[in-house]
Amino acid sequence: MTVARGPRAISQRSLDQVLDDANILVYEFDGTIIRWSGGCDDLYGWTSREALGRNVRQLLRTEFPQPLDEILAELRRDGTWKGELTQRHRDGRSISVVSRWVIVTGQSPGDLIVLATNIDISDLKNAQTALASRQSHLLSILETVPEAMVVIDEAGIVMSFSKAAERLFGYMADEVCGQNVKVLMPDPDRRRHDGYINRYLTTGERRIIGFGRVVSGQRKDGTTFPMELAVGEAEASGKRIFTGFVRDLTSRHRMEEELRQSQKMEAIGQLTGGIAHDFNNLLTVISGNLEMIERRLEDGRLRELLREAQGAADDGAKLTGQLLAFGRRQALNAKLTDIEQLVSTFAELLRRTLGETIELQTVATGHSLTALVDTTQLQNALLNLALNARDAMPRGGRLKVETARIHLDPDYVRMYPQVRLGDYVLISVSDTGVGMTEEVKQRAFDPFFTTKGVGAGTGLGLSMVYGFARQSGGHIQLYSELNEGTTVRLFLPAANPERVADTSNIDPVPAVKPRADECILVVEDDARVRKVVIARLEEEGYRVIQAADGKGALSLIAEHPEIRLLFTDIIMPGGMFGDELAREARLLRPGLKVLFTSGYAEPSLAGRELAEGSWLKKPYTARELATRLRMLLD
C-alpha cells in the first residue's frame, strides 16, 4: 500500500518510520497514551512500553499556559490547538515544547483521539532567558551610570534613550525614540547633523565618532547647556548603530568660572593691596608734614588752606582703606556678635539712608545667629549694599534683609571650591531694582567698576564687601536678573554663641601725656616716612634712634640699653619682617615694648602682638601715635 502526497509517493513502511522518528504521541481524550513514537523516547526518556497506557498529563507533569478545560473546549470546537507547554523529562528536568494537537475520530463515532506533535524548544527558551538576563543586566547598568546614553541608527533616528538622558534633556524616551537625534541639538549643529552622518558614511571622515568633544545640547524647554559627547560605533544586522554617551558640563564650567573669578579677584586684590600700601606711605609723609606745618603756622587763611589739604589726605586714607578691604589686607577687630541684633539695631540707619520711597524689611530665621566679625566693617558692608540697592530703585521699591543660620555641605563646596564646609550665618540683601546684565555681574566685584555716572561713586562698594567677606573667612554670592532685582548673599562663619560681644560700649581714649622723654628706636625702610616719624616723636619730646632694616635695628638694641620701645614697620626688605625683628629683640631685651605699623594693615603677620593693641595703621595722626605710645609706655 502506498500513500500519495504531493509529487512524491512513499510506502506505508517508510511513513511509519518517519512517524516513529518524530516526536509524536497519540492519546485518548482523557489522556491515556495509545501510541508513543521513538522520538518521544529520546525527548522524554521514557520508552514506549513504559509510556503506553499511562496518562500523558501525569506522566510528563505538563504545565499549561491556560486552564486545561478551556484548551479541551477549544480543541472540541476547532479540532486543533497549538501552544507552548512545559513538561518534565524522566530525570526531572524541565522541557519546553511547542505542541500541536489535532483531534481525530476513533473506530466508533464517539471515540475522540488526540494526535500531538511536540517540538523541543528548550535550547531556544534558555537562549532567550539568557539574552533577557543579559539585557536586564545591561539595562540596569545603563540606567545607573550618571552619563546619559542615546543610541541612533545610520539615519540619525533615536533607537534608545536612557533614564539619565530623560533627566538631562527633559524628554521622556517615548517622545524622542523614532525622531531624529538633532532634536537634542541647537543651531547650527541641528542643521548640519544629517550632513555629518552622510559624510562619515560616504568618506569615513570622523568628527566625533571615536573621539570626545565638547558640544552644546538643547533641552525640551529650549535652554542650552555644555556637554561632553563621546560616540561609539557598532554593526547590527548589517546596519550601523551609533551610541553616544553625554556628560553634563554645566557644574564643571560653573566651578571653572568660579575658580577663574576667584583667581582674578585674588590677583587684583594683591595688586590693589600693594598700591594701597605704597600710597599709605605717601599719605603718612604728606599728612605728617601738614600736621607739623600747621603747628607752626600763624596765618589763619593759610591754616584754612592747609586744613583743606589735610582733609584731602584723610579722604585718600579712606580710599586706601577701601582698597585694603577689597584686597583683604585691612585690620579687622573681630568680636563675637549677635548678627540678628546688629541688623535690627542698624535697620533704623538703613531706613533713613534709603528714604521714604523704599520699604525696608528685616527677617530673622532660626537661632544661634552668632558670628566672629568686625561689627564696624559689617555695618559698612550693609550700608554699601543698601546704597547700591537704593540707586537701583530710583522709583522706589522694597529692600529685604534676611538673616539665617545654614550649613554648607560637600555638594555646595564642590560647586564653589574656595568655600569651606561648615555652619554659616547668612545675611541676604534683596532689592526689587533694575537688576544687572550678565556683563555687569561678571565685573560687579572689580574695584573701580561702576555703572553710575561720573562722580557718582568710586566703584569700591561691592569690592569692599567682597574683601570683607573673604577676610572674615566667609563667602559672597551675587544673584541678579535684568528688571527683576538683585540679591547679595553674605556668608559669615558661625560661632559659638556662649559669649556675645556687647558692641554698644566704646573704649575711651586715654589722655595723652603732654611731654615724654623716653628713647624710641624707629625702624622704617622708607626714608621719607622715617624722617616724618622722627620729627613727630622729637616734637613730643622723645629721644629717637633710627634704623632702615631689621639687622641694623638689632645691632642698635644691643648697643643702646636705654631704648624703651621699638616702633617698627612690618613689611621691610632684607629678609626680616617686623614681627621677626620683635621676637629677636625680645630675646635681647625681654621687657622691650613693641609698636607695629604698616601700610598693608595686615595684623596676622605679627601674630599675638597685635591682639594686645600694639598696632597702628598707616597713615596715622600725631595724636594717634602719641596716644598709642603712652598706652604702651605707661
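**Exercise 1. Which residue of strand 23 stands opposite L565?**

Solution. The model is a predicted one, in which local features need pLDDT of at least 70 and side-chain atom pairs count only at pLDDT 80 or more, while totals for chains, interfaces and linings use all residues. Residues are numbered from 1 along each chain as its sequence is written, and side-chain values use heavy atoms, with hydrogens and water left out.

Step 1. Strands are DSSP runs of E with at least two residues, and helices are runs of H or I with at least four, numbered from the N terminus; two strands pair if DSSP finds at least two bridges between them.

Step 2. Strand 22 (residues 563–569) runs parallel to strand 23 (residues 593–598), and 5 bridges join them. Within this pairing, L565 stands opposite K593.

Step 3. Strand 20 (residues 519–523) also pairs with strand 22 in the parallel sense, over 5 bridges; here I520 has L565 as its bridge partner, and V523 stands opposite T568.

**Exercise 2. Place strand 22 in its sheet and state how far it is covered.**

Solution. Step 1. The open sheet has 5 strands in the order 21-20-22-23-24, with parallel pairing. Strand 21 (543–547) and strand 24 (615–617) each have a single partner strand and stand at the edges, so one side of each lacks a neighbour in the sheet.

Step 2. Strand 22 is mostly covered, since 6 of its 7 residues are buried, where buried means under 20% relative accessible area, exposed over 50%, and partly exposed in between (1.4 Å probe, protein chains only).

Step 3. Together with helix 19 (residues 578–588) and strand 23, strand 22 makes a right-handed β-α-β unit; right-handed means that, with the strands pointing away from the viewer, the path from the first strand over the helix to the second runs clockwise.

**Exercise 3. Classify the ring pair of F64 and W101, and describe its setting.**

Solution. Step 1. Rings of Phe, Tyr and Trp (its six-membered ring) pair if their centres lie within 6.5 Å, and planes under 30 degrees apart count as stacked, over 60 as edge-to-face and the rest as tilted. By this rule the count comes to 7 aromatic pairs.

Step 2. The ring centres of F64 and W101 are 6.3 Å apart and their planes lie at 85 degrees, so the pair is edge-to-face. The two residues are 37 residues apart, F64 in the loop between helix 4 (56–59) and helix 5 (68–78), W101 in strand 6 (residues 94–105).

Step 3. F64 is partly exposed, at a relative accessible area of 24%, whereas W101, at 3%, counts as buried. Ring pairs link both residues with Y27 and W81 into a cluster.
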